[in-house]
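Subject: Handover of a structure, with notes

Dear colleague,

I am passing on the structure we spoke about, together with some notes on what turned up when I went through it. Please look at it first and then read on.

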Amino acid sequence: MIITLKKNAPQVEVDALIHHFEGMGLKVNMIHGDNWNVFGLVGDTTHLDERSILANQWVENVQRVQAPYKLANRMFHPEDTVVDVSGIKIGAGQPVVIMAGPCAVESKEGLCEIAQEVKSAGAEILRGGAYKPRTSPYSFQGLGTEGVMDLVEARKRTGMPVVSELMSVDKLDEFVENVDLIQIGARNMQNFDLLKAVGRTNKPVLLKRGMSATIEEWIMSAEYIMASGNPNVIFCERGIRTFEKYTRNTMDLAVVPILKDKTHLPVVIDPSHATGDWKLVKAVSLAAIAAGADGLIIECHNHPEMALSDGMQSLKPEKFADLVQSARKVAEAVGRTL
Ligand code: PEP
Ligand code: MN
């Protein structure tokens, strides 16, 4: 971390700052310029808060040299992490994994039917929300525990591991017992109590990007989970909110190479929530694989027009099967399999 002091900072203040940082176990390298005094802080600065340092009236500028995350940082963990979701391995050049299923679990039979179809088309993990974060309190809120038990039944019938969104800490035990991959939704990306709670388990976590979160804030949320003891984190980009109206969100595909550079964790893309339109899902899926994504999570429904949530972005099984076939070709073209 580099701290530039104001021109007229009195020596007594400079000494006090040096004393403060040395007291924290950091080495302070001082550069005296004609106009500026600059400190170079050497050591672990992850726990320092730039904004508090800037609160000192004699500090002109604070610049981080190292990222504020450690456990998620590629610099301290050069090898790619592989996350094992009940036998399905994600990350580190493993075959691209496709997760698919309805936005929400609506009924046991409907779920088992679509599960079988997405499995035959090539999906390896079944998605389905049992607790739904809906904008309106009058919209379908999910089947709750019944939905979780339907997922358990669909897993029994198809052999596919299941991913579902956990919205509150009080359902953690239910998820640890019944779900293979715990999804933290965009709206909860900075629910720090929830992040710490899943961090205390060893269940794999699919961490979605908050709709207005920077990449660094998102990585810091992964850091929360990891700092609580759980290294099994998978990033999931689901589009961010911009001024654009032709899509539900704006897909930020650059996150794939950026996250691969900054971190060692797997990256999955959700083209359904990113576009909000089933007609755009295939193109974005193929682009995601070409960009190096480790997996996709795609909403599918047998009767999208009757879906209780997100019908407009849900693919019918035959469209999903067509997507998987094309995705396989793109994966091969970029040296991956699927
Ligand atoms: C979902 O995947 O069902 C969902 C609600 O997604 P997001 O949190 O990305 O909006
Ligand atoms: Mn949805």
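The notes below go from the overall layout to individual sites.

Please keep in mind throughout that this is a predicted model. The protein contains 11 helices and 14 strands, and its C-alpha atoms fill a box of roughly 75 × 45 × 40 Å along the principal axes. Of its 338 residues, 53% are buried. If one takes the contacts between residues at least 6 apart in sequence, 67% of them join residues that are at least 24 apart.

Nonpolar side chains tend to be buried together in soluble globular proteins. Here the largest nonpolar core has 67 residues, and the members that touch the most others are Leu 207, Ile 298 and Phe 320. There is also a second, separate core of 17 residues, with Ile 3, Leu 17, Leu 41 and Ile 53 among its members. Leaving aside residues up to four places away in sequence, the contacts of Leu 207 include Ile 184, Met 189 and Leu 195, as well as Trp 218, Ser 221, Ala 222 and Ile 225, and further Val 233, Ile 234, Phe 235 and Cys 236.

Several of those contacts lead to helix H7, which covers residues 215-227. At 1.5 Å a residue, its 13 residues should span 18 Å, and the C-alpha atoms at its ends are indeed 18 Å apart, so the expected and the modelled values agree. The buried residues of H7 are Ile 215, Trp 218, Ile 219, Ser 221, Ala 222, Glu 223, Ile 225 and Met 226, and they pack against helix H6 (192-199), strand E11 (205-208), strand E12 (233-237) and helix H8 (255-262). Just after H7, Gly 229 adopts a positive phi of about 115 degrees.

The structure has 4 aromatic pairs, and two that involve H7 are described here. Phe 192 and Tyr 224 are stacked, with 4.5 Å from centre to centre and 25 degrees between the planes. Since Phe 192 belongs to helix H6 and Tyr 224 to helix H7, this pair ties together parts that are 32 residues apart in sequence. Phe 192 counts as partly exposed, because its relative accessibility is 31%, and Tyr 224 is likewise partly exposed, with a relative accessible area of 32%. Trp 218 and Phe 235, by contrast, form an edge-to-face pair, at 5.1 Å centre to centre and with 75 degrees between the planes. This pair links distant parts of the chain, with Trp 218 in helix H7 and Phe 235 in strand E12, 17 residues apart. Both Trp 218 and Phe 235 are buried.

Turning to the strands, E3 (residues 37-42) is mostly covered, with 5 of its 6 residues buried. Strand E1 (residues 2-5) runs antiparallel to E3 and is joined to it by 4 bridges, and Leu 5 stands opposite Asn 37 in E3. Strand E2 (residues 27-32) also pairs with E3 in the antiparallel sense, over 6 bridges, with Asn 29 opposite Gly 40 in E3. A hairpin joins E2 to E3 through 4 residues.

The site that may interest you in particular is that of the manganese ion (ligand 2), which is coordinated by Cys 103 (SG), His 273 (NE2), Glu 299 (OE) and Asp 310 (OD) at 2.0 to 2.4 Å. The donor residues are spaced in sequence as C-x169-H-x25-E-x10-D. Two of them link distant parts of the chain, His 273 lying in helix H9 (residues 271-275) and Glu 299 in strand E14 (residues 295-299), 26 residues apart. His 273 and Glu 299 are both buried.

Glu 299 is also one of the residues touched by Leu 315, which is found in the loop between E14 and helix H11 (317-333). Leu 315 has a relative accessible area of 4% and is therefore buried, the cut-off being under 20%. Apart from residues up to four places away in sequence, its other contacts are Trp 278, Val 281, Ile 298, Cys 300, His 301, Phe 320 and Leu 323. The C-alpha atoms of Leu 315 and Arg 328, which are 13 residues apart along the chain, are separated by 18 Å.

With best regards

Methods: Residues are numbered from 1 along each chain as its sequence is written. Chains are lettered from A and ligands numbered from 1 in the order in which they are written. This is a predicted model: local features need pLDDT of at least 70, side-chain atom pairs count only at pLDDT 80 or more; totals for chains, interfaces and linings use all residues. Side-chain values use heavy atoms; hydrogens and water are left out. A nonpolar core is a set of buried Ala, Val, Leu, Ile, Met, Phe, Trp, Tyr and Cys residues joined through side-chain atoms within 4.5 Å. Buried means under 20% relative accessible area, exposed over 50%, partly exposed in between (1.4 Å probe, protein chains only). Contact means heavy atoms within 4.5 Å. Helices (H or I, at least four residues) and strands (E, at least two) are DSSP runs, numbered from the N terminus. The expected span of a helix is 1.5 Å times one less than its number of residues. Rings of Phe, Tyr and Trp (its six-membered ring) pair if their centres lie within 6.5 Å; planes under 30 degrees apart count as stacked, over 60 as edge-to-face and the rest as tilted. Two strands pair if DSSP finds at least two bridges between them. Donors are N, O and S atoms within 2.8 Å of the metal (3.2 Å for Na, K and Ca); water is not among the atoms, so sites may look incomplete.
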